[in-house]
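Reader: I should like to request a close look at a single strand and at its surroundings. Please give the criteria behind each term as it arises.

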Amino acid sequence: MPLLSPTDLEAIALTLRLAAVTTVILFLVGTPIAWWLARTRSRWKGPVRAVVALPLVLPPSVLGFYLLVTMGPNGPVGWLTQTLGIGLLPFTFWGLVVGSVLYSLPFMVQPVQNAFEAIGERPLEAAATLRASPLDRFFTVALPLALPGFVTAGILSFAHTVGEFGVVLMIGGNIPGETRVASVQIYDYVEALEYADAHRLSAVLLVFSFVVLLALYAGRPDGKRG
Amino acid sequence: MSNIRPLILTAGILATGGVGSAAAGEAQIAVAANFAAPMKAIIDLFEADTGHTVKASYGSTGKLYAQITNGAPFEALLAADQRRPELLEEDGAAVDGSRFTYAIGALVLWSAQADTVQDGPALLASGTFNKLSIANPKLAPYGEASMQTLEALDLTAAITPKLVMGENIAQTYQFVDTGNADIGFVALSQVMAGGEITKGSGWIVPGELHEPIRQDAVILTRGKDDPAVTALFDYLRGDQAQGVIRSFGYATD
């Protein structure tokens, strides 16, 4: 008997694709937010930080419920996507991406923000005296110095998306190859009393999660940077 | 060490809560999601009539079964099928002779919009809807009955690309109610009260298109000597409860 069935492999492939796409988008969306939060003295800093951290605190059921309603045909996001001709996002891969980006946002923003803050003003000021433009300073000074933070953020965002369950359950609709990720597949097995299958796939996820965290911590023994 | 203290405190609260509730004539039961609405109505009547209280947990039968076999503190199960209560009997987790069919479910093709569902089979055949929401047939009897209905109408292959699945019938309803799926096969009990469909539009699936959805209740070993549970089961068989059950669109034996 093979270790994993074709449906399991499909679910795992989908999970990895979702996590990869989400992480790439989070790099693009999270970096400017983290940069702004690290540099700004605006009175909006507190509220924005709080909003970014919300998914850490909110139950996935709340996030999933709001997403289902706002992305539905009667919600503002649903109205927008329909007007743009994209259709509705629930029950689609891209709907899950939207949910995952929101759900994993703090895992991207917080490590990157910490890394940017750790750089301090001096390297950037020094670059400025050498007539580096703001954009130049960001790409040639800040980004390389904050690289460890980016690595941490990327790994955490990816792993956290792999571990996502509640939001996907609420907006996914359990469609094979489209929204049935590994965590949902395991849930199905448990509910259907197919405990042997549940054990197999759970073990795969357990080993995967351990290896990811091991890579994260072993690669950085002090565990404090980033 | 200091972070152990909240754990001990929590455990203490849980323990005292458990002891207190057992002494108060309280039935702690697990109920299939499709039966949530009638059960709430029945519990209100039962509590007023008998003075007992009922603490009900609602969920899919598969999940409730898994919880029961792993030590959940339920004293009775009102399942959405016959299989799981039978399994519990075989496992020795249920009280012999306590199992009975408390309701026979009906399926409805439903839309949250008025007028969308007129002629159910014609609508299904036309394909003029974005998604058809059904309960996961692997997990939920209503999902199984939905697939049997599609099979009987010879539409399985045509409709499969449009299927979205809720993990239980409550989520299936939610997908339709929020408008994310145009139509769905839900339990008649979810959209019917007082003998009529109260919201949207629906086509009640004729019983001959699928196997009867017989829903069995069973007393679990934990509830064996609890008078509140025995009273509740007597009450469920009584005229008043059976009347409530029928008013939500179920048939009764």
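Which residues lie on one side and on the other of strand 1 of chain B, and are they buried or exposed?

Author: The model is predicted; local features are reported only at pLDDT of at least 70 and side-chain atom pairs only at pLDDT 80 or more, while totals for chains, interfaces and linings use all residues. Residues are numbered from 1 along each chain as its sequence is written, chains are lettered from A and ligands numbered from 1 in the order in which they are written, and side-chain values use heavy atoms, with hydrogens and water left out.

On one side of strand 1 of chain B lie Glu26(B), Gln28(B), Ala30(B) and Ala32(B), and on the other Ala27(B), Ile29(B) and Val31(B); all are buried, and both faces are thus covered. Buried here means under 20% relative accessible area, exposed means over 50%, and partly exposed is in between (1.4 Å probe, protein chains only). Strands (E, at least two residues) and helices (H or I, at least four) are DSSP runs numbered from the N terminus. Because seven of the seven residues of strand 1 (residues 26-32) are buried, this strand is largely enclosed by the rest of the structure.

The strand belongs to an open sheet of five strands in chain B, with the order 2-1-3-12-4 and mixed pairing. At the edges stand strand 2 (53-59) and strand 4 (100-105) of chain B; each has a single partner strand, so one side of each is left without a neighbour in the sheet. Neighbouring strands are turned against each other by 25° on average, direction ignored; the axes are lines fitted to C-alpha atoms, for helices over the stretch in contact, and angles run from 0 to 180 degrees between N-to-C directions.

Two strands count as paired if DSSP finds at least two bridges between them. Strand 1 of chain B pairs with strand 2 of chain B in the parallel sense over seven bridges, and within this pairing Ala27(B) has Val54(B) as its bridge partner. Helix 2 (residues 36-50) of chain B joins these two strands in a right-handed β-α-β unit. A crossover is called right-handed if, with the strands pointing away from the viewer, the path from the first strand over the helix to the second runs clockwise. Strand 1 of chain B also runs parallel to strand 3 of chain B, to which three bridges join it, and Val31(B) stands opposite Leu78(B) of strand 3 of chain B.

Beyond these neighbours, strand 3 (residues 76-78) of chain B is joined by three bridges to strand 12 (residues 213-219) of chain B, and these two run antiparallel. In that pairing Leu77(B) has Val218(B) as its bridge partner.

A further open sheet of five strands in chain B has the order 7-6-8-5-11, again with mixed pairing. Strand 7 (163-166) and strand 11 (201-204) of chain B are at its edges, each with a single partner strand, so one side of each lacks a neighbour in the sheet. Strand 6 (residues 132-135) and strand 7 of chain B pair in parallel over four bridges, with Met165(B) as the bridge partner of Ile134(B).

A salt bridge is a side-chain nitrogen of Lys or Arg within 4 Å of a carboxyl oxygen of Asp or Glu. One such pair is Glu167(B) and Lys63(B), whose closest N and O atoms are 3.5 Å apart. Glu167(B) lies in the loop between strand 7 and helix 8 of chain B and Lys63(B) in helix 3 (residues 61-69) of chain B, so the pair ties together parts that are 104 residues apart in sequence. Glu167(B) is buried at 9% relative accessibility, whereas Lys63(B), at 24%, is partly exposed. Shared partners also join Glu86(B), Glu89(B), Arg99(B) and Asp216(B) into one network of salt bridges.

Finally, chain B meets chain A: 25 residues of chain B are in contact (heavy atoms within 4.5 Å) with 24 residues of chain A. The two chains bury about 1,900 Å² between them, 56% of it on carbon and sulfur atoms; buried area is the accessible area (1.4 Å probe) that two parts lose on being put together, summed over both. Across this interface the rule finds one salt bridge, formed by Lys138(B) and Glu194(A), with the closest N and O atoms 3.4 Å apart. Lys138(B) is partly exposed at 40% relative accessible area, and Glu194(A) is partly exposed at 28%.
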